[in-house]
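Trainee: Hi! Could you walk me through a few spots in this structure?
Mentor: Sure, let's look at it together.

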Amino acid sequence: MNAVLIALLALPLLGAALTLAPVFGPDPAAADRRALRLGTVVSGAVLVLTVALAAGFDHDRPARMQATTDVAWIPAVGVRFHLGVDGVSLPLLVLTSLLTFLCALYSERRLPSGPDVPSARSFTGLFLLLEVGMLATFAVLDLVLFFLAFEIVLIPMYFLIARWGSGAKVPAANRFILYTLLGSAVMLLGFLLVGLKAGTFDMQALAAAHGSGLSHSTQVIAALAIMIGLAVKAPAWPLHSWLPDAHTAAPTVGSVLLAGVMLKMGTYGLVRVLLPVVPDGTTTLAPYLGAFAAVGIVYGSLACLALSRTGAKGDLKRLIAYSSVGHMGFVLLGIASLTPVGVNGALFANIAHGLITGLLFFVVGALKDRYGTADLDTLAGATGAALYGRAPRLGALLAFAAVASLGLPGLAGFWGELLAMFGAFDPAEGLSRPAFVTYMVLAGLGTLLTAAYLLIVVRRVCMGDPKQPAPVAELADLRPYEAVSWTPLAALTLLAGLWPALLLGLSDPAVKHLLGGG
């Protein structure tokens with residue numbers, strides 16, 4: 001299985017390199033079609049390998065690192081090429097490969113266009129390079145390798161926004177790269193401090209030591225630096241301001257991967273690095289992380305509520321971006337509780353948010369393509385966009401994704417937020433219970449506000465009088481390639497909501513192992 005894990009990383013890297021070779025023919029249109037088909041084939045093969053990895057995974061021992069490869073890479077500084085997968089990283093690998101394949105499939109029929117867009121070969125090469133970085137982040141077990149994988153994704157996403165985006169795409173891409181690079185630089189300082197003081201960058205060895213050999217002050221400084229870098233990517237309030245602009249400007253597939261996978265890289269790092277490597281420092285900073293998480297939940301919900309009201313000229317993509325600030329606040333709150341219940345809830349919410357928000361961005365991107373805008377006032381008009389009457393399948397999918405996002409029981413969005421609040425209700429020993437109960441109450445208020453703005457969006461976009469004049473003469477309903485790309489996300493949202501043990505059975509032993517110094 002270690003060969004399968006290596007192939008997961010090597011295959012998209014080879015595919016990206018192949019886009020530079022002159023093998024697509026002299027005809028530009030045919031070359032573009034072949035390049036897009038290459039992206040679909042490679043990402044589909046990666047998905048098949050990921051499914052094979054999941055099938056071969058020993059589900060009876062999810063806390064044990066499996067499919068490992070551990071060889072010396074840079075002996076002079078003790079950096080090793082160390083890969084592995086456990087119950088924490090396996091669901092994220094599957095989510096990443098699935099979303100990437102669905103985005104490639106969608107792009108074959110709906111490549112983002114623009115006056116300054118280069119060929120599809122460039123798009124495919126950057127797309128596959130982005131997949132390499134995302135997959136590697138969840139598979140590497142060395143702090144230096146983790147940093148490199150964390151950085152690989154920045155350049156492809158920058159160009160996807162700046163070249164294939166819309167509106168103020170260059171300023172949005174610049175803000176994205178500035179924030180994330182600065183955050184990564186601070187995170188690297190924390191990694192170097194840990195590695196130099198502990199004598200190793202190996203994440204398994206550091207987790208097994210569970211902070212022994214690192215003084216309390218060293219742990220606090222390292223935890224602060226690492227937490228800031230990861231919080232930028234999460235994104236945690238108040239380090240989130242790059243996100244709404246990036247989502248508003250990004251093409252549909254860029255928004256799907258940014259929200260569905262890249263935000264999870266930050267929260268995954270908190271669980272994989274902070275909790276087991278610098279536990280004392282994490283305990284010291286956990287109340288502050290919980291406070292920022294609770295404020296982010298309420299802030300994100302209020303921002304969405306403001307954007308959803310009539311006359312606010314709220315962009316639907318921007319609204320979903322702000323909703324991610326709130327939803328990822330639940331993830332951060334569960335991690336801050338330092339309890340198995342809270343951390344399991346955070347990991348479950350990670351997967352649920354990837355599925356639901358990926359579906360939301362797909363649907364809203366399709367609406368923007370049809371109407372030429374994602375402005376809510378323009379879509380809704382005087383009575384409402386009336387999607388239920390004009391494009392019933394599209395309206396039904398938007399309503400389904402919205403109620404899943406607000407945490408309706410029986411769908412994936414419910415369990416993660418519930419468990420995160422349970423973790424805050426009874427936090428780990430050494431944390432202030434009154435403070436975390438306060439955070440839980442604020443999170444509960446956030447769920448009410450979330451329901452409010454999402455139901456307003458459903459009312460304004462899905463309901464209304466279909467006989468009233470619409471911004472477009474004829475609104476196409478769900479197209480076949482859209483149904484193929486989106487149906488798996490809807491089905492998995494329902495499956496995870498009805499069978500939460502599918503994910504919790506994997507993550508719970510691994511989380512307990514990490515919290516206990518595994």
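**Helix pairs and two side chains**

Mentor: Let's begin with helix α9 (residues 216-233) and helix α12 (residues 279-308), whose axes come within 7 Å and cross at roughly 50 degrees. Keep in mind that this is a predicted model.

Trainee: Are α9 and α12 parallel, perpendicular or oblique to each other?

Mentor: They are oblique, because an angle of roughly 50 degrees is in neither the class under 35 degrees nor the 65 to 115 one, and it is not over 145 either. The α9 and α12 crossing is right-handed.

Trainee: Which residues make that contact?

Mentor: On the α9 side you have His216, Gln219, Val220, Ala223, Leu224 and Met227. From α12 come Pro279, Asp280, Gly281, Thr282, Thr284, Leu285 and Leu289.

Trainee: And how many of the residues in the contact of α9 with α12 are nonpolar, polar or charged?

Mentor: Seven are nonpolar, five are polar and one is charged.

Trainee: OK, another pair. At what angle do α3 and α4 pack?

Mentor: Helix α3 (residues 90-109) and helix α4 (residues 120-139) pack at about 170 degrees, and their axes are 9 Å apart. That makes α3 and α4 roughly antiparallel, because the label applies to angles over 145 degrees.

Trainee: Which residues meet there?

Mentor: Leu92, Leu93, Thr96, Ser97, Thr100, Cys103, Ala104 and Ser107 of α3 meet Phe123, Phe127, Glu131, Met134, Leu135 and Phe138 of α4. In this contact of α3 with α4, nine residues are nonpolar, four are polar and one is charged.

Trainee: Switching topic: where is serine 212?

Mentor: Serine 212 sits in the loop between α8 (203-209) and α9.

Trainee: Is serine 212 buried or exposed?

Mentor: Serine 212 is exposed, because its relative accessible area is 53% and the cut-off for exposed is over 50%. Its side chain reaches the backbone oxygen of alanine 209 at 2.9 Å. Serine 212 and valine 277 are 65 residues apart in sequence, with a C-alpha to C-alpha separation of 9.0 Å in space.

Trainee: What about threonine 493, buried or exposed?

Mentor: Threonine 493 counts as buried, because its relative accessibility is 1% and buried means under 20%. You'll find threonine 493 in helix α20 (residues 480-498).

Trainee: What does the side chain of threonine 493 reach?

Mentor: It reaches the backbone oxygen of leucine 489, at 2.7 Å. Leaving out residues up to four places away in sequence, threonine 493 touches Leu355, Ile356, Phe400, Ala404, Leu411 and Ala412.

Conventions
Residues numbered from 1 in each chain as written. Predicted model: local features only at pLDDT ≥ 70, side-chain atom pairs only at ≥ 80, totals over all residues. Heavy atoms only, no water. Axes fitted to C-alpha atoms, helices over the stretch in contact; angles between N-to-C directions. Helix = DSSP H or I, 4+ residues; strand = E, 2+ residues; numbered from the N terminus. Left-handed = near helix turned anticlockwise from the far one by under 90°. Contact = heavy atoms within 4.5 Å. Nonpolar A, V, L, I, M, F, W, Y, C, P; charged D, E, K, R; others polar. Buried < 20%, exposed > 50% of the residue type's maximum accessible area, 1.4 Å probe, protein only. Polar contact = N/O pair within 3.5 Å; in protein donor to acceptor, adjacent residues only side chain to side chain.
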